[in-house]
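Please open the structure in a viewer with side chains available for display. The tour below proceeds by selection, one site at a time.

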Amino acid sequence: METILYAEVYFVCILVVAIVSFFEIRDGGDSSSDRWFKVMLGMFMLNFVSNFVFKLVNGGVLLDDSNHDMSYALKTLYHLTLCAGVFAWCGYADSEQGSGIFQRRQSLTVLLVPLALPVVIILLNLQNHLVFEISPDGAYLRHILFQAEMGYLLLGSGIMAVRLLLRTGRESDPNQRSHMYLTATFPLCVAAAWAMSWVGEAFPVICVAITFEILCLYIGGARNEVSMDKLTQVNNRQNLIGFMDYKMHNNSGHLYLLMIDVDEFKQINDNYGHLEGDEA
């Protein structure tokens with residue numbers, strides 16, 4: 001019964017991430033943050049599916065007897081995609097703060113080195129079993145390098161979260177600032193999973209926490225798109241009101257408003273159409 005309930009939670013999380021992925025691929029843009037978000041969705045989808053199938057195989061639900069080699073392969077994939085998913089979140093968080101570190105090819109090549117470290121350790125686990133071990137009776141046992149892996153992921157995501165929080169102080173758009181605060185909560189997912197790993201696997205905390213985070217990030221991103229003009233990247237009227245209200249209550253004492261109007265621009269739209277007007 002415990003195996004079925006555990007798998008059901010993972011199955012629900014897989015469905016939610018699949019739905020978000022469908023709409024993100026169909027409607028999402030091509031900005032750097034959009035690309036990193038899609039990579040993050042793909043990695044965590046693989047992460048959830050691998051652990052979902054592992055639980056069914058290891059619990060004897062899919063097969064009459066647990067397949068030891070398949071269980072090791074699935075759990076190895078789980079750890080690899082967890083590391084890759086956290087790395088993709090770091091790329092997404094970097095795009096949100098606009099530092100551009102993850103966008104420059106030279107910098108990204110250097111940043112792949114920290115990702116390679118846990119990947120090598122996880123792959124070597126197939127020989128030395130220092131990260132995790134699956135006993136002959138199917139018990140999943142964590143070892144010393146598992147704690148090092150989780151601490152490493154928490155440290156990396158935590159540093160990026162702190163940088164993002166520091167950047168929020170210079171963000172004037174209240175909607176974007178709220179989204180950045182929400183993005184910075186991701187390391188809490190890793191911390192919760194690490195903390196619960198000391199207790200056991202009775203409840204799949206990490207997949208629920210990550211799914212909730214993904215859903216909130218998607219809704220926050222969609223809200224930003226709705227409140228901003230796609231062509232000019234300028235606030236629409238509703239967002240402008242909130243932006244001005246924030247500025248009225250948070251300024252250094254010198255506040256200016258500049259309004260610009262282009263004479264007879266409407267003739268371009270009327271004569272050549274709105275697409276040509278957008279180009280103009």
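Begin by selecting Asp270 and Lys266, whose side chains meet in a salt bridge with an N to O distance of 2.7 Å. The coordinates belong to a predicted model. Both residues of this bridge, Asp270 and Lys266, lie in helix 10, four residues apart, which is about one turn of the helix. Lys266 counts as exposed, because its relative accessibility is 57% and the exposed class begins over 50%. The structure holds one salt bridge.

Next, select Glu264, in the loop between helix 9 and helix 10 (266-272). What is the sign of phi at Glu264? Its phi is positive, about 60°, although Glu264 is not a glycine. Most residues other than glycine have a negative phi. Glu264 is exposed, with a relative accessible area of 59%.

A further residue with positive phi is His129, also not a glycine, with a value near 55°. To find His129, go to the loop between helix 4 (105-128) and strand 1 (132-134). Is His129 buried, partly exposed or exposed? At 25% relative accessibility, His129 counts as partly exposed, because that value falls between the limits of 20% and 50%.

From there, move into helix 4 and select Val120. Val120 is partly exposed, with a relative accessible area of 44%. Add Leu80 to the selection: Val120 and Leu80 are 40 residues apart in sequence, and their C-alpha atoms are 9.4 Å apart in space.

Now display the aromatic side chains. How many aromatic pairs does the structure hold? There are 11 aromatic pairs. A pair of aromatic rings is described by the distance of the centres and the angle of the planes.

Select Phe37 and Tyr92, whose ring centres are 5.5 Å apart and whose planes meet at 45°, so the pair is tilted. Phe37 lies in helix 2 (residues 32-58) and Tyr92 in helix 3 (residues 68-97), so this pair ties together parts that are 55 residues apart in sequence. Both partners are buried: Phe37 has a relative accessibility of 4%, and Tyr92 has a relative accessible area of 5%.

Then select Phe54 and Tyr140, an edge-to-face aromatic pair with 6.1 Å from centre to centre and 70° between the planes. Which parts of the chain does this pair tie together? Phe54 lies in helix 2 and Tyr140 in strand 2 (residues 140-142), so the parts joined are 86 residues apart in sequence. Phe54 is buried at a relative accessible area of 2%, and Tyr140 is buried at 13%. Extend the selection to Tyr72 and Phe132: ring pairs link Phe54, Tyr72, Phe132 and Tyr140 into a cluster.

For the last stop, return to the surface and select Asp229, Glu276, Asp278 and Glu279, which gather in a patch of negative charge. Asp229 is found in the loop between helix 8 (205-226) and helix 9 (237-249). With 34% relative accessibility, Asp229 counts as partly exposed. That value also permits Asp229 to belong to the patch, because patch residues need over 30% relative accessible area.

Methods
Residues numbered from 1 in each chain as written. Predicted model: local features only at pLDDT ≥ 70, side-chain atom pairs only at ≥ 80, totals over all residues. Heavy atoms only, no water. Patch = residues over 30% accessible without salt bridge, like charges linked within 9 Å, V, L, I, M, F, W, Y side chains within 5 Å. Areas by Shrake-Rupley, 256 points an atom, 1.4 Å probe, with all protein chains shown as cover. Salt bridge = Lys/Arg side-chain N within 4 Å of Asp/Glu carboxyl O. Lys, Arg positive; Asp, Glu negative; His and termini not counted. Charge placed at Lys NZ, Arg CZ, Asp CG, Glu CD. Helix = DSSP H or I, 4+ residues; strand = E, 2+ residues; numbered from the N terminus. Buried < 20%, exposed > 50% of the residue type's maximum accessible area, 1.4 Å probe, protein only. Phe/Tyr/Trp six-rings, centres within 6.5 Å; stacked < 30°, edge-to-face > 60°.
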